[in-house]
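User: I've never read a protein model before. Could you walk me through one, feature by feature?

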Amino acid sequence: MNDSLLHALRQNFQQGNSRSYAWRRQQLLNLKAALYRHEEAIYAALSADLKKSKEEAWITEIGFVLSEISYVLRHLKSWMQPQNVGTNLLNFPSKSYLLSEPLGVVLIIGPWNYPLQLVLAPLVGALAAGNCAVVKPSELAPATSAVLRQITASAFKENEVLLVEGEGAAVIPRMMEAFRFDHVFYTGSTQVGTIIYQLAAKQLVPVTLELGGKSPTVIEPDANLEVAARRIAVTKFSNAGQMCVAPDYLLVHQSVREPFVQHLKKAIDDFYVSEAVRDYHYGKVVNQRQFDRLLQYLQEGTVLYGGSYDAPTLHLSPTLLADVRPEAKVMQEEIFGPLLPVLTWSKEQEALDIIARNNNPLAFYVFTENDKKANWWMEQVPAGGGCINNVSFHLTNHNLPFGGRGNSGMGAYHGKYSFDTFSHKKGVLKTPTWFDPAFKYPPFKGKLNILKRFMR
Ligand code: NAD
């Protein structure tokens, strides 16, 4: 990649072209129009990369980004206004306010599992906040990467949004060393997130890290088991389980394990056909490496349901695993596939001990009809976000921040949180000149009492 393209972004930003409300709004409208123009091409690309159906592609990728754009367009003007805050007595009669300043040129790095949404949703926030951006989609979803190239080329000038393709390990470190970005927004594995953080630290570049993790789901004995099973099944096996906030494993109260597993099997039967490869609604594993990794997990427990696969097409059917030891690999690594270990507990502490082996998950879910219990679980388990009687849908609410903590990342986005992530909050104090008391100036001798009155 030619470094002069990066400097053109910087120059464009420094000329102030991206600051106005009109520019920001226009970029968002351009992106929206380009998404509609390329709708069919996006379906084809997501089908080629991950065998996503059109409906799934709309809900989790195209429609997701469009609704983020609509929400931002509705609120952007008010978010851009200076925000008045109170002023302390020492500064009387000043006024104080916050200015949201664009950061500059930001780098957005995306993964392969939602290859369109996970670069464009952050881009919406970056543009709304008045930044220029470099977008790096995952090379492991090459068809979507190619469509993103067309979308960005048709929606933006190269000195506004620049799309960079290629193998991350080759392209990203070189780019981050040659050019100082003003922010890096990374979505992907914890392992690569660590590399990005180190690269950014060399030039003191702030980062948002949206990483993975093992998200637990607790089933209490009083849960609505049928609804729980349906909500878990639809999310866990969507995109063949390759979802950062999918339930990674279940912690089912011993007393309801049998009926719950029956409901879960029925939900899977209702939603999918038995031969995954023929199922219009069921995705494939992204590549051979991930497929081989998932097949190894099958050896680490008893298959309660599913377990069949078709190696040439990288299909692995929705699978429930029992008798999994907490020390097994499948309980140490993020599964990121259509395998769901079903573990049991009889005392809460047993479940908490299992969760603590992989602390700070990206999400935590609990199913119970009892508010007290729900609150108790939410307080016990530190996690990026979570749901009560639901899974993953917290990320579809624009009013909730989406992000991890600890191993699952840092920072958050969606809606206003994206605008804030890509803005600097400049605190400004404005002091009139008509009042200029002498006690604020030297000589200070003899003024201690009055100073004490203003500052204590
Ligand atoms: P990945 O880390 O392999 O790749 C993500 C990006 O990093 C790609 O664009 C790739 O080109 C780049 N990259 C790869 N190796 C690199 C290197 N050595 N140096 C610099 N850049 C490099 O991640 P993935 O496998 O694409 O995604 C899967 C992971 O992402 C899972 O752990 C999942 O939980 C996580 N994820 C998190 C979220 C979230 O919102 N928190 C969303 C989706 C996926």
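**Reading the model**

Analyst: Start with phenylalanine 336, which sits in the loop between strand 13 (319-322) and strand 14 (339-345). Helices (H or I, at least four residues) and strands (E, at least two) are DSSP runs, numbered from the N terminus. This is a predicted model, where local features need pLDDT of at least 70, side-chain atom pairs count only at pLDDT 80 or more, and totals for chains, interfaces and linings use all residues. Residues are numbered from 1 along each chain as its sequence is written, and side-chain values use heavy atoms, with hydrogens and water left out.

User: What is the phi of phenylalanine 336?

Analyst: Phi there is near 55°, a positive value, and phenylalanine 336 is not a glycine.

User: Which peptide bonds should I look at?

Analyst: Go to phenylalanine 92 and proline 93: the bond between them is cis, with omega near 5°. Proline 93 lies in the loop between strand 1 (83-85) and strand 2 (95-102). Further along, proline 442 and proline 443 are joined by a cis bond too, with omega about 0°. Proline 443 belongs to the loop between strand 18 (423-430) and helix 15 (448-454).

User: How do I find empty space, and how many cavities of 30 Å³ or more are there?

Analyst: A probe the size of a water molecule, rolled over the atoms, shows where space is left empty. On a 1 Å grid over the protein atoms alone, a cavity is a set of points where a 1.4 Å probe fits but cannot get out; a pocket is an open set with protein on both sides within 12 Å along at least five of seven lines; lining residues have an atom within 4 Å of a point. Points join across faces, edges and corners, and volume is the space filled by probe spheres set on them. Here, two cavities reach 30 Å³ or more.

User: What lines the largest cavity?

Analyst: Our friend Phe336 is back, along with Gly213, Lys236, Gly241, Met243, Cys244, Ala246, Asp248, Glu334 and Ile335. The space inside is about 40 Å³. That lining splits into five nonpolar, two polar and three charged residues (Ala, Val, Leu, Ile, Met, Phe, Trp, Tyr, Cys and Pro are nonpolar, Asp, Glu, Lys and Arg charged, the others, Gly among them, polar).

User: And the second largest cavity, what surrounds it?

Analyst: About 30 Å³ of space, surrounded by Met176, Phe179, Arg180, Phe181, Val184, Leu199, Ala200, Gln203 and Val205. By class, that makes seven nonpolar, one polar and one charged.

User: How much space lies in the largest pocket?

Analyst: About 1200 Å³. It has 47 lining residues, and the closest to the centre are Tyr186, Gly188, Ser189, Gln191 and Val192. Helix 7 (168-178), strand 6 (183-187), helix 8 (190-202) and helix 11 (288-298) each supply at least two lining residues. Helix 8 gives the most, with six. The whole lining comes to 20 nonpolar, 18 polar and nine charged residues.

User: Last one: which residues let helix 4 and helix 5 meet?

Analyst: Contact means heavy atoms within 4.5 Å. Helix 4 brings Thr60, Glu61, Phe64, Val65, Glu68, Ile69, Val72 and Leu76, while helix 5 offers Gln117, Leu120, Ala121, Val124 and Ala128. The classes in that contact are nine nonpolar, two polar and two charged.
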